[in-house]
Amino acid sequence: MEIITFAASPRKGGNTEILLDEVIVGLRQAGVKVKKFRTHELEISPCKGCGKCDTLGRCVIEDSFQELYDLLIECDGMVFSSPLYFMNVPSGGKALIDRCQVFWTAQERLKIDLFGSRKRLGLLISCSGKSFGYGKIPVFRGIEDTLTSVFKTLGMEMMESLLFTRIDSKGAIARVPSALETARITGRKMAELLQKK
Ligand SMILES: Cc1cc2nc3c(=O)[nH]c(=O)nc-3n(C[C@H](O)[C@H](O)[C@H](O)COP(=O)(O)O)c2cc1C
């Protein structure tokens, strides 16, 4: 059993990566293999909208995404940790998400069954500086909508999200022990859900 995890903050060791590392501890305690990537250390070009994946079922851009492509098909789930940037995912993480269009076209246009009936899970982790969005819209609405569609495209069921508001300065989440504990428990819970499948 293997989970692929992404730290999508450009701030190395920031709040969302601290939470991700706790989830990873929980997953590993439960015997799950974990791969971790920092999106800002990968070379992932933006989707060009060239449409080649519509007919080829593969992306033609040669960069780090090609290695992730196979991992994203083979894994049992994904943990995506991301700060809230202008109500959504920062650019490095968004480039990765947009490149997942190749999974959408393969399934929806080319009718290729990439994931079969395997139970796969997706977990979103995020922190925001504020507790509400502009015009008082729910602060995590944008990022939750985005990740819901990513997980759906990857044939993953979205678990509850780990979301913390009013966490802004680097490392502030480390001063909230209950958040770290919740993250570790969530990692173990994700493992249990996958082991039950
Ligand atoms: C470019 C940028 C945009 C941000 N946009 C928002 C936002 O729209 N809403 C919000 O509540 N916080 C926003 N924040 C605050 C971050 O979400 C917050 O500091 C978070 O804890 C950072 O997580 P990290 O340490 O994992 O990078 C923004 C921060 C930056 C640097």
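This note goes through a predicted model, taking up the ligand shell, two helices and some backbone angles.

1. The ligand is surrounded by 19 residues, of which Gly 14, Thr 16, Pro 83, Ser 128 and Gly 129 come nearest. By residue type, this shell divides into eight nonpolar, six polar and five charged residues. Helix α1, residues 15-29, gives the largest share of the shell, namely three residues.

2. The length of α1 is as it should be, because 15 residues at 1.5 Å a residue should span 21 Å and the end C-alpha atoms of the helix are 22 Å apart, which agrees. Just after this helix comes Gly 31, which takes a positive phi of about 85°.

3. Helix α1 is mostly covered, with eleven of its 15 residues buried; among them are Asn 15, Thr 16, Glu 17 and Glu 22, as well as Ile 18, Leu 19, Leu 20 and Val 23. The buried residues of α1 pack against the strands β1 (2-7), β2 (33-38), β3 (77-83), β4 (120-127) and β6 (162-164), and also against helix α7 (177-195).

4. Helix α6, residues 141-153, also passes the length check, because its 13 residues should span 18 Å at 1.5 Å a residue and its end C-alpha atoms are 18 Å apart. The helix is followed by Gly 155, whose phi is positive and near 65°.

5. How are the buried and exposed residues of α6 placed around the helix? The buried ones are Ile 143, Leu 147, Val 150 and Phe 151, and, seen down the axis of α6, these fall within an arc of 95°, so they line one face of the helix. This fits the general rule that an α-helix has 3.6 residues a turn, so residues three or four places apart point the same way. Arg 141 and Asp 145, by contrast, are exposed on the other side of α6. The cover over the buried residues of α6 includes β3, α4, β4 and β5 (156-158).

6. Most residues other than glycine have a negative phi, and two residues therefore deserve a look against that general background. Met 87, which is not a glycine, has a positive phi of about 75° and lies in the loop between β3 and α4 (91-99); it counts as partly exposed because it has 17 C-beta neighbours inside 10 Å. Lys 136, also a residue other than glycine, has a positive phi near 60° and lies in the loop between β4 and α6; with 7 C-beta neighbours inside 10 Å, Lys 136 counts as exposed.

Conventions: Residues are numbered from 1 along each chain as its sequence is written. This is a predicted model: local features need pLDDT of at least 70, side-chain atom pairs count only at pLDDT 80 or more; totals for chains, interfaces and linings use all residues. A residue is near a molecule or strand if its C-beta atom, placed from the backbone, lies within 6 Å of it. Helices (H or I, at least four residues) and strands (E, at least two) are DSSP runs, numbered from the N terminus. Ala, Val, Leu, Ile, Met, Phe, Trp, Tyr, Cys and Pro count as nonpolar, Asp, Glu, Lys and Arg as charged, and the others, Gly among them, as polar. The expected span of a helix is 1.5 Å times one less than its number of residues. A residue is buried if 20 or more other C-beta atoms lie within 10 Å of its own, exposed if 12 or fewer, and partly exposed in between; C-beta atoms are placed from the backbone. Two residues are in contact if their C-beta atoms, placed from the backbone, lie within 7 Å. The arc is that of the directions from the helix axis to the C-beta atoms.
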